[in-house]
Amino acid sequence: MRIVDSAPPGGSHRWRRLLLDVLLWAVVAAPVGYAGVSPPYPRYALPLLVGKVLLLGAAVVASRRQPLVALVLVVLGSVVDGNFVFAIPVFSYLAGRRSATVGPSIMVFVLVAAGGTALNLLLLGTGAATWFLLASVLLFAAVFPWLVGRYRRQQQELTDAGRRHVDALTREQRGAAERIRLRERARIAGEMHDSLGHDLSLIAVRAAALEVAADLDDGHRAAAGELRASVSAATERLHEIIGVLREEAGGSLRPSGETVAELVEGAREAGMAVRLDATPTVAELPAMTSHAAHRIVRESLTNAARYAPGAPVDVRLERDGDRVEVSVVNEPPPAGPLPAPPSQGSGLLALAERVRLAGGTLDAGHRADGGFAVRAVLPATAPPPEAIGSAAEAGPTSWSEERTGAAERPVEAERRLHDARRRVRRSLLVALVAPVGFALVLSFVYYPVATAGTVLDRAAFDQLRVGAARSELVGLPRRQVERPAAADQAGCEYYTDGNFPLAEPTWRLCFTDGRLVSKEWIA
């Protein structure tokens, strides 16, 4: 009897999200709750506290799907209770982290800034200094956390995109390697078709000759005819099944009966300096091993003639017990290395596939002196069929993953991903510097408005005579700065010396019955 878990898929994830939301609500509600339970207790304190806490709960719930709505709820709550300001940075960060686009966020910030300015300056009559303070709070408590959240979202998206890019390149590399292996297998099938088809044809000829022999009785003649027909049918099926895998321009890639010694001799006749040290002969090796050894030497000599013309080449075939070691090493070219065109290493990858199907291993690469070496270890006896099957199913050799250009492409993708992450880090620096720049711009906007007609310089202040009528005083500005919150003296006027950027009150002049009774500098 099978027991099925009754919990729905993803249940643990949903519980984790619920726990995080509860913790978030507890954090943002703590300042509001503390202020609500602390004396003095205004009228309707408890209903107001419950309403504020529920409003924060609604903001937490909305922050998952509508983070900008949650931010607007918290900003509206700050109009009623200043303790909501502590929640604005949290929901601003979540808005930047969870919003897919930038446009709606910018629109919300513009609307909040415009609405707050109109509310404070036009309706509530708030002074310029208070407006500047509220604008700074909006900048540093809302815009700056939103930029940080936006950066984190972009970084996560970049990481995910880079991972998908690397996965796609890896799949492309595996597909290219698989195509090369399949092409090499098709080439091997063509060679087997040539050799087996030739042998089967000879068997059919011999069976036909036996069939027409004069001294053969009728029963044996019929058997010989059946043998000839069976061999002919097998040859035809071999042609249909394997022959279609041959490349259109191909014949056999190896001339019939050619040995490694004959291949090396042909290279010498072409002008190459090749030395051969061969202990076993090809005839002494299994068919797959001899084909692989011939292919290794032929491919290596071709590459040496192409990329290291004039360089001596050393070819060795050495048998050690049940192994045959094949090595082709060329010295550095006398005239220096030739510029090789970009290559994906498909020739060597196909060679590695040929060696693996034969049950061996291949290693190839540049030497420290500038030459090139190809070394393979092949079985000296025919491997069992299951070993060949497992080799055919195996993945690419370590050589093919380390030395082919295709294997380098994920590394290149990682480098590009690293560069992109560095650009994102630069964007974070911009996000950090931007609020400071905005604050300076805001200061330069606020400062001229706050100081226009309110600056009383030191020289004019020193010339003011106590006891003089206000109409007799020379150099008084046409308007005052905003009265400090702690100022309780009636009949006093406040002016600034133009201190940047807040233009705070610097001078206090007190009048009684229109006459200056005191003047002082205030900190």
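Biologist: When H3 passes H5, is the crossing left-handed or right-handed?
Modeller: Keep in mind that we're looking at a predicted model here. As H3 passes H5 in that model, the crossing comes out right-handed.

Biologist: Okay, and is H3 roughly parallel or roughly antiparallel to H5?
Modeller: Start with the geometry: helix H3 covers residues 67–80, helix H5 covers residues 103–123, and their axes lie 11 Å apart. The two pack at an angle of about 15°. Anything under 35 degrees falls in one class, so H3 is roughly parallel to H5.

Biologist: How many nonpolar residues does the contact of H3 with H5 have?
Modeller: From H3 come Leu-68, Leu-71, Val-72, Val-75 and Val-79. H5 brings Pro-104, Ser-105, Val-108, Phe-109, Val-112 and Leu-119. Sorted by class, there are no charged residues and 1 polar residue, and the nonpolar count is 10.

Biologist: Let's zoom out. What share of the residues of the chain count as buried?
Modeller: The chain folds into 14 helices and 8 strands. Take its contacts with a separation of 6 or more: 67% of them link residues 24 or more positions apart. As for burial, the chain has 523 residues, and the buried share is 37%.

Biologist: Which strands stand at the edges of the sheet, each with a single partner strand?
Modeller: This open sheet has 5 strands with mixed pairing, in the order S1-S2-S3-S5-S4. Two of the strands have one side left without a neighbour in the sheet, so the edges are S1 and S4 (361–366).

Biologist: By how much are neighbouring strands of this sheet turned against each other on average, direction ignored?
Modeller: We're still on the sheet with the order S1-S2-S3-S5-S4. Ignoring direction, the average turn between its neighbouring strands is 10°.

Biologist: S1 and S2 are joined by 5 bridges; do they run parallel or antiparallel?
Modeller: S1 is residues 274–278 and S2 is residues 313–320. One pairing to look for is Leu-276, which stands opposite Val-315 in S2. With their 5 bridges, the two strands run parallel.

Biologist: And which residue takes a positive phi in the hairpin of S2 and S3?
Modeller: S2 and S3 pair over 8 bridges in the antiparallel sense, with Val-313 opposite Asn-330 in S3. Their hairpin has 2 residues between the strands. The positive phi there, near 70°, belongs to Gly-321.

Biologist: Does Ser-327 count as buried or exposed?
Modeller: Ser-327 sits in strand S3, residues 323–330. Beyond its neighbours within four places in sequence, Ser-327 is in contact with Asp-314, Val-315, Arg-316, Val-374 and Arg-375. Its relative accessibility is 13%, and the limit is 20%, so Ser-327 counts as buried.

Biologist: Which residue in S5 does Gly-365 stand opposite?
Modeller: S4 and S5 (residues 372–379) run antiparallel and are joined by 6 bridges. Across from Gly-365 in S5 you'll find Ala-373.

Biologist: What angle does the direction of H9 make with that of S5?
Modeller: Helix H8, residues 260–269, packs on the sheet by touching S1 and S2, and its direction makes about 170° with that of S1. Helix H9, residues 287–307, also packs there, touching S1, S2, S3 and S5. Its angle with S5 is about 175°.

Biologist: How far apart are the C-alpha atoms of Leu-139 and Val-436?
Modeller: Leu-139 belongs to helix H6, residues 128–211, and is buried at a relative accessible area of 8%. Along the chain, Leu-139 and Val-436 are 297 residues apart. Between their C-alpha atoms, though, the separation is 9.2 Å.

Biologist: Now the sheet with the order S6-S7-S8: is its pairing parallel or antiparallel?
Modeller: Its 3 strands form an open sheet, with S6 (492–495) and S8 (515–521) as the edge strands. S6 meets S7 (residues 507–512) over 4 bridges, and Tyr-494 has Arg-508 as its bridge partner in S7. The pairing in this sheet is antiparallel.

Biologist: Which residue in the turn between S7 and S8 has a positive phi?
Modeller: S7 and S8 pair over 6 bridges in the antiparallel sense, and one of the partnerships joins Cys-510 to Ser-518 in S8. The two strands form a hairpin with 2 residues between them. The turn residue with a positive phi, about 55°, is Asp-513.

Biologist: Last one: how many of the residues of S7 are buried?
Modeller: S7 is mostly covered. Out of its 6 residues, the buried count is 5.

Key
Residues numbered from 1 in each chain as written. Predicted model: local features only at pLDDT ≥ 70, side-chain atom pairs only at ≥ 80, totals over all residues. Heavy atoms only, no water. Axes fitted to C-alpha atoms, helices over the stretch in contact; angles between N-to-C directions. Parallel < 35°, antiparallel > 145°, perpendicular 65-115°, else oblique. Left-handed = near helix turned anticlockwise from the far one by under 90°. Contact = heavy atoms within 4.5 Å. Nonpolar A, V, L, I, M, F, W, Y, C, P; charged D, E, K, R; others polar. Pairing = 2+ DSSP bridges. Buried < 20%, exposed > 50% of the residue type's maximum accessible area, 1.4 Å probe, protein only.
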